[in-house]
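This note records the points that a colleague may wish to check against the coordinates. They concern sheets, the helices that cover them, and helix packing.

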Amino acid sequence: MPEIIDLIDKSRINELLSQYSNVFKTSVFLLNKNEDLLLKFPENINYTDLITEPIYLRDSVVGYVGIPGTGNPPQSLLAFIAKNMTEIIGMGHEIESLAGEVARNYEELSILRSLSSRLGAVLNVDKICNVLAEEVMNICPSKNVSIFLVSEMLADTLSTSSIIGSENFAHSIRSSVLFPKVSLGTYSSTALMMTLSTDRGLLKYVVEKKEPLTVCDVSVDNRFEGFPYPVKRIFIAPLIVEDSLIGAIVATDKLNGEEFFSTEIKLIFSIASYCAISIKKALLFDGIRSVLFSTAEAFSLTIEAKDLYTYGHSKRVSDIAVKIFKKVGMSSEIINWVRLAALLHDIGKIGTPENILNKKGKLDVREMDMVRQHPLTGARVIEQIPMLKELAQWILHHHERYDGSGYPSHLSGDSIPMPSRVIAIADVFDALTSDRSYRTAFTEAEALKIMRESSGKDLDPLLFEYFEKIVSAAG
Ligand SMILES: [Fe+2]
């Protein structure tokens, strides 16, 4: 408990003492908790035998007020002054606490607003976890901050399970393992190799209580089972969505050596709640995307089954297109959409008669026209799905040529969407290195030689350079 002198401004105390002195016509003394003299009014009065009354803050003595004990002074006067000072100090302290609370709430709101603008519609688990770890590191710079998640499959299972929030939930989560997703700080590489079990140690306590935990010295806490890096102080906050645990924040040893304060813990727990919802949404989106990709792959294989020579072509084109996009340095978000577009690029062949697709000889003009309809048919199919409208354009133009001699729109150069130019390169390479009804496969070296000759005419020359580097590195 603080001293009275720390709770009220010194000039304000002097003012109070002078008012008591003037109104009650007596000298007034202020003493600390040990009854040593702090202040007096009038200032030139000599210290004398005093009668004193304690001044309280929340039932604890923070100092004493005294008046001279000579001349039979009224005890009620002293009691009044002490009570008055107790009330004034109590109100002052309350105002200070409220001001502190307002400041902390403002800080919390500012951080949540910043998080909201940084995360927005982000549906990337890694990015959300990175932002969360950075925010925790900003609030209390520590030697290490790691974000652990339960396996995505488990999170999905739990989200749809009727046992969430029940005792069965606690039982099922007890046996799960949390894997590191992101780690910042001195021991990040070590932290990224460790796992945490929810059925023992400090994490067990956090899971059961569903609240943050801080330990000032793990060496004297027998719940701590050891980490693969040095730890003295630790802070763990659960990531909870709708009563289900999806992960945990683990921070160890603040850089300034101080303990993790309750204000920091409260702030981090608020951020954790916000981010946990974003992580859960991203995990669900990942699940939906995974189903979408599997469906697209199954779809492309079904269509390719009409022609044994092209079986698996779309998957191979997709893999090559992704490699080119990674080499160019595109974001993982775009790469995922390109992967999907490449898987579906020949989906329009669903409208091409099987006898034409499997014809051993040369196609006549009418048959060639029918084959050339497939980008248009594919785009029409895909544009029926609103979220894939842009992919429909990439599919529509995957047979355009860089010099404008392709189809269906005779686009040239950069007017051809970049994903279409990438798919075109992957498409040609896979076609050349696969057996056809009318020829056997070219070797990779032969295919590259053929493609090099058409680079700048049929194919985007810059993207082809990236592709050549990929093939050379693999060879
Ligand atoms: Fe095609």
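The points below treat the two sheets and then the helix contacts.

1. Basis of the note. The model is predicted, so to speak of local features a pLDDT of at least 70 is needed, while side-chain atom pairs count only at pLDDT 80 or more and totals for chains, interfaces and linings use all residues. Numbering starts from 1 along each chain as its sequence is written. Helices (H or I, at least four residues) and strands (E, at least two) are DSSP runs numbered from the N terminus.

2. Four-stranded sheet. An open sheet has the strand order β2-β1-β4-β3, and its pairing is antiparallel; two strands pair if DSSP finds at least two bridges between them. The edges are β2 (37-41) and β3 (50-57), each of which has a single partner strand, so one side of each lacks a neighbour in the sheet. On average, neighbouring strands are turned by 25° against each other, direction ignored. Axes here are lines fitted to C-alpha atoms, for helices over the stretch in contact, and angles run from 0 to 180 degrees between N-to-C directions.

3. Pairing and cover of that sheet. Three bridges join β1 (residues 28-31) to β4 (residues 60-68) in the antiparallel sense, with Leu 30 opposite Val 65 in β4. Helix α2 (residues 10-24) packs on the sheet, where it touches β1 and β2, and its direction makes about 50° with that of β2. Contact means that the C-beta atoms of two residues, placed from the backbone, lie within 7 Å. Helix α3 lies across β1, β3 and β4 and runs at about 25° to β3.

4. Six-stranded sheet. The second open sheet follows the order β7-β6-β5-β10-β9-β8 with antiparallel pairing. Its edge strands, β7 (196-197) and β8 (213-215), each pair on one side only.

5. Strand β10. Seven bridges link β5 (residues 142-150) to β10 (residues 244-254); Ser 146 has Val 250 as its bridge partner, and Ser 142 stands opposite Lys 254. On β9, eight bridges lead to β10, again antiparallel, and Phe 235 is partnered by Ala 251. The hairpin of β9 and β10 has two residues between the strands, and Glu 242 takes a positive phi near 45° there. Ten of the eleven residues of β10 are buried, that is, 20 or more other C-beta atoms lie within 10 Å of their own, against 12 or fewer for exposed and values in between for partly exposed, with C-beta atoms placed from the backbone.

6. Helix on the six-stranded sheet. Helix α4 (residues 125-139) lies across β5, β6 (177-185) and β10, at about 55° to β6.

7. Packing of α3 and α9. Helix α3 (residues 75-119) and helix α9 (residues 262-304) pack at about 25°, with axes 10 Å apart. This makes the two helices α3 and α9 roughly parallel, a term for angles under 35 degrees (over 145 is roughly antiparallel, 65 to 115 roughly perpendicular, the rest oblique). Their crossing is right-handed: the near helix is turned clockwise from the far one by less than a right angle, and anticlockwise would be left-handed. Residues making the contact include Ile 111, Leu 112 and Leu 115 of α3 and Leu 267, Ile 271 and Tyr 274 of α9.

8. Helix α15. In α15 (residues 389-396), the buried residues are Leu 391, Ala 392, Trp 394, Ile 395 and Leu 396. These pack against α11 (332-343), α14 (374-382) and α16 (418-432).
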